[in-house]
Amino acid sequence: MNIRQVEFFHAVMTNTTASRAAEVLRISQPAVSKAIQELERDIGFQLFRRERGRMFPTAEAHIFFREVEGSFSGLTKLKSAAARIRDFGSGEIKVASLSALSTNVLPRALRGFQSKHPNVAIAFQAQLSSTVKDLVASGQVDVGLAADEIETDGVEVRPFARYRAAIAIPDGHRFEDAEEITPEDLNGEAFIALSPEDTTRRAAEAIFLDRSVKPKVVLETPYSTTICAMVQAGLGIGMINPMTAEPYVGRGLKVIPFNPAVYFRTLLVLPPNKYPSRIVSDFVEEVMRHSVFQK
C-alpha cells in the first residue's frame with residue numbers, strides 16, 4: 001500500500017464515481033481503477049463491488065475510509081504547516097536586546113513588525129550584551145541587539161546605532177543651566193558609572209586620564225536605565241545613553257550634552273552563516289528602520 005493508492009481511494013469515495021475521481025485527479029479512469037485494484041490486493045480485502053462498469057463501496061470500504069479521512073486531515077495540517085514554514089519560518093521570532101534599547105527602540109520596531117505579521121508569536125528578553133551574543137550564537141534567539149563591547153566570534157554582526165553620550169543630572173543640580181558638561185566639570189563629582197568593560201566608559205576614562213580628571217565613583221552598573229533611576233534618586237550624576245532617559249526627563253532628571261563627544265555603539269547580532277527565514281528578514285528590515293547614527 002502506498003500513499004498514491006490511498007489518495008485514489010479517497011478521491012473515489014469523496015466523488016462517488018471513478019470517472020469523477022479521475023477528473024479531479026486529472027488522470028484517466030483506467031489508471032484510477034488499476035490503482036484501486038492494486039490497493040485491494042495489498043490490504044487483502046475488497047473495497048468495491050464492480051457492477052455494469054460502476055464501483056460500489058463495500059462495508060469494509062466505509063470503515064477503511066474513516067481511517068483514511070483521519071490521515072488525510074493530518075496530511076492537510078502538515079501541508080499547511082509546510083506552507084507556513086516555507087513562507088514565514090517557524091511562525092515565531094525570538095529577540096534579545098541590551099537593556100538600553102528595550103524600552104524605546106525595540107517596542108517601536110516590534111510594533112511595526114507585529115502590524116505586518118499579526119499571527120507571528122514574539123518572544124523578547126532584555127539581557128546584558130554578552131548574554132545577548134551568547135543567546136544568538138547558541139541559536140536560542142533569532143536576532144539580538146548588543147553593545148559593541150561583545151566578542152563577535154560565532155555570530156554575524158552589523159552596525160546598528162550610535163548615540164552620543166550625555167550626562168544625566170537631578171533637578172536642582174548646579175549644572176542644570178549648563179549648555180554642556182566637560183570632563184573638568186566632573187572632577188570630584190559624585191558619579192554613577194557604567195561597568196568597567198563598557199566601551200563608552202573606557203572612552204570617557206581615557207579623556208579623564210588625559211585631562212587629569214577624576215570623578216568620585218559612588219556606584220557602578222551596566223545599565224543606563226539604572227543610572228537614570230539613581231540620578232533621579234539623588235545619588236549622583238552619570239553618563240548615559242540618552243535614549244534611556246526618555247521616561248525620566250521632566251520627572252526629576254535632566255540630560256546635558258557631554259563635550260568632547262563619546263558614543264554608545266550598538267550592533268545587530270545574527271547567527272552565523274545562516275539564511276534567515278522570511279520572518280527574521282522582515283524583522284531585521286523593520287528594526288533597521290529605527291537605527292540612528294548621531295554625530
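**Exercise 1. The sheet**

In this predicted model, 5 strands form an open sheet. State the strand order, the kind of pairing, and which strands stand at the edges.

Solution.
Step 1. The order is E9-E8-E10-E7-E11, and the pairing is mixed.
Step 2. Strand E9 (216–221) and strand E11 (253–257) each have a single partner strand, so they stand at the edges, and one side of each lacks a neighbour in the sheet.
Step 3. From one strand to the next, the twist averages 30 degrees.

**Exercise 2. One pairing within the sheet**

In what sense do strand E7 (residues 166–170) and strand E10 (residues 237–240) pair, and over how many bridges? Which residue of E10 stands opposite Ile 167?

Solution.
Step 1. E7 and E10 pair in the antiparallel sense, over 3 bridges.
Step 2. Opposite Ile 167 stands Met 239 in E10.

**Exercise 3. Helices on the sheet**

Find which strands helix H7 (residues 199–210) lies across, and do the same for helix H8 (residues 224–232).

Solution.
Step 1. H7 lies across strand E8 (190–194), E9 and E10, and runs at about 135 degrees to E8.
Step 2. H8 lies across E7, E8, E9, E10 and E11; its angle to E10 is about 155 degrees.

**Exercise 4. Helices H5 and H9**

Describe how helix H5 (residues 105–116) packs against helix H9 (residues 278–288).

Solution.
Step 1. The packing angle is about 135 degrees, and the axes are 9 Å apart.
Step 2. Because of that angle, H5 is oblique to H9.
Step 3. The crossing of H5 and H9 is right-handed.
Step 4. H5 contributes Leu 106, Ala 109, Leu 110, Gly 112, Phe 113 and Lys 116 to the contact, and H9 contributes Ile 279, Asp 282, Phe 283, Glu 286 and Val 287.
Step 5. Sorted by class, the contact of H5 with H9 has 7 nonpolar, 1 polar and 3 charged residues.

**Exercise 5. Helices H1 and H2**

Give the same kind of description for helix H1 (residues 3–15) and helix H2 (residues 18–25).

Solution.
Step 1. H1 and H2 pack at an angle of about 120 degrees, with 8 Å between their axes.
Step 2. Angles of 65 to 115 degrees count as roughly perpendicular and those over 145 as roughly antiparallel; H1 and H2 are therefore oblique to each other.
Step 3. H1 and H2 make a right-handed crossing.
Step 4. On H1 the contact is made by Glu 7, Phe 8, Ala 11, Val 12 and Asn 15, and on H2 by Ala 18, Arg 20, Ala 21, Val 24 and Leu 25.
Step 5. The residues in the contact of H1 with H2 comprise 7 nonpolar, 1 polar and 2 charged.

Conventions:
Residues numbered from 1 in each chain as written. Predicted model: local features only at pLDDT ≥ 70, side-chain atom pairs only at ≥ 80, totals over all residues. Heavy atoms only, no water. Axes fitted to C-alpha atoms, helices over the stretch in contact; angles between N-to-C directions. Helix = DSSP H or I, 4+ residues; strand = E, 2+ residues; numbered from the N terminus. Parallel < 35°, antiparallel > 145°, perpendicular 65-115°, else oblique. Left-handed = near helix turned anticlockwise from the far one by under 90°. Contact = heavy atoms within 4.5 Å. Nonpolar A, V, L, I, M, F, W, Y, C, P; charged D, E, K, R; others polar. Pairing = 2+ DSSP bridges.
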